[in-house]
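Welcome to this short tour. Please open your viewer and get ready to select a few things along the way.

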Amino acid sequence: MNDINNLRQYLPGLTEDMPLELLNLAKLLEEQCIEFITDESDFKIIYLANDCVESFLEFADSEIKGECLTDYDGYTDVSVEKYGDRFLLVFHQGNENVFTVTFTDVRVSAYSYNYGNTGHFWVYGYCDLRLIDYWLGIINDKYKCLTGYCTEQETELAELSQFKPLRYFNSVPEKYMSNSDYVEFTTEKSAEIFMKLTFEAGDKALYNYIKKRGINSHTEKVIAKLLTKPKHSEIVNLIIRKIKTAASVYPDRNYGDKAGEYNRIYQAALSEAEKYKNSSSVVSVYKEEPFAHMSDSMEFKVQILVTENKRFKRKYRVITFC
């Protein structure tokens, strides 16, 4: 009830007897994150799209009147009404365009994918920690928006995403960060999970430091700095393994005719990566790939990350392979 009252300001006409999935539309309108996928007989709105999941609001038996500007990049107002067994959405794309959509029902569809071999290097330095920041961020987004599609392991990783020292190393340039990319404070549950991981990793020094000093604004910064040191690399590697294991239960994206070409590039990069392995390095291969269910400007490419422990710091090298 409270959700409906709060969200009605973003979707006027919303009532309790309407499909609950319309609350998701209202939340998108609150954030003004409205992207359409449509043709004459199929109307969808992107609900959440990232490397781990592609999901949509799908409107059953939809009929569109007027032109939906799919490339519109301005403020969108929407209202909803019910007529008999059908619902009516009226979209105002600024002062430029109005169109309507009638439908009988709306549902959320979601397609989860293996994100453990997907990574981006938009900001250089501390590459492994920035990968962790990115993965934890997208897992947390999936958990908040699509809780029922998360495994037990992903639920725990979503909790871990609230451990602030793991989110100090931004995976995207700050100008592109949204409010959800920031962690204001470490939660008790996330600190508990991290402590368990330090014990599992055999990092007694870090475990004892947190046990003695606790978690506060000062120790959060210290812990973040300690995570960059070779001495504490095993806890970093353990978290990466946990994320990869959680992701591995999902399939890879299928690109139809391009699947063979993409796989050849990936396999060639895996072979190339063997040249960089030695006793002091960790070599990983990560894909950057477009979405499977919608148009995307991202091109497929593969990057090799070589992480090497030196005496006082870890060194990184990224080799792009495409």
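Is Tyr134 buried or exposed? Keep that in mind while you select the residue; the model you are looking at is predicted. With a relative accessibility of 14%, Tyr134 counts as buried, because the cut-off for that word is under 20%.

**Stop 1: a pair of rings**

Stay with Tyr134 and add Trp122 to your selection. A pair of aromatic rings is described by the distance of the centres and the angle of the planes. Here the centres of Trp122 and Tyr134 are 5.7 Å apart and the planes meet at 85°, so the pair is edge-to-face; planes over 60 degrees apart get that name. Now colour by secondary structure: Trp122 is in the loop between β8 (105-112) and α3 (127-145), while Tyr134 belongs to helix α3, so the pair ties together parts twelve residues apart in sequence. Unlike its buried partner, Trp122 is partly exposed, at 39% relative accessible area.

**Stop 2: another pair**

Next, select Tyr255 and Tyr262. Their ring centres lie 5.1 Å apart with the planes at 75°, so this pair is edge-to-face too. Tyr255 is buried, at 16% relative accessible area, and Tyr262 is buried as well, at 12%. The count of aromatic pairs in the model comes to 18.

**Stop 3: a sheet**

Switch to the cartoon view and find the open sheet of four strands, ordered β4-β7-β6-β5 with antiparallel pairing. Why is one side of β4 and of β5 left without a neighbour in the sheet? β4 (63-65) and β5 (76-83) stand at the edges, and each has a single partner strand, so one side of each stays free of a neighbour there. On average, neighbouring strands of this sheet are turned by 20° against each other, direction ignored.

Zoom in on β6 (residues 86-93) and β7 (residues 97-103), which pair in the antiparallel sense over seven bridges. Select Phe87 and you can look across to its bridge partner in β7, Phe103.

**Stop 4: a cluster of rings**

Keep Phe87 and Phe103 selected and add Phe36, Phe43, Phe59, Phe91 and Phe99: together they form one aromatic cluster.

**Stop 5: charges over rings**

To finish, select Lys44 and Phe56. The charged end of Lys44 sits over the Phe56 ring, 5.4 Å from its centre. Then go to Lys287, which lies over the face of Tyr266 at 5.1 Å from the ring centre.

Key
Residues are numbered from 1 along each chain as its sequence is written. This is a predicted model: local features need pLDDT of at least 70, side-chain atom pairs count only at pLDDT 80 or more; totals for chains, interfaces and linings use all residues. Side-chain values use heavy atoms; hydrogens and water are left out. Two strands pair if DSSP finds at least two bridges between them. Helices (H or I, at least four residues) and strands (E, at least two) are DSSP runs, numbered from the N terminus. Axes are lines fitted to C-alpha atoms, for helices over the stretch in contact, and angles run from 0 to 180 degrees between N-to-C directions. Rings of Phe, Tyr and Trp (its six-membered ring) pair if their centres lie within 6.5 Å; planes under 30 degrees apart count as stacked, over 60 as edge-to-face and the rest as tilted. Buried means under 20% relative accessible area, exposed over 50%, partly exposed in between (1.4 Å probe, protein chains only). A charge sits over a ring if NZ of Lys or CZ of Arg is within 6 Å of the ring centre and within 35 degrees of the ring normal.
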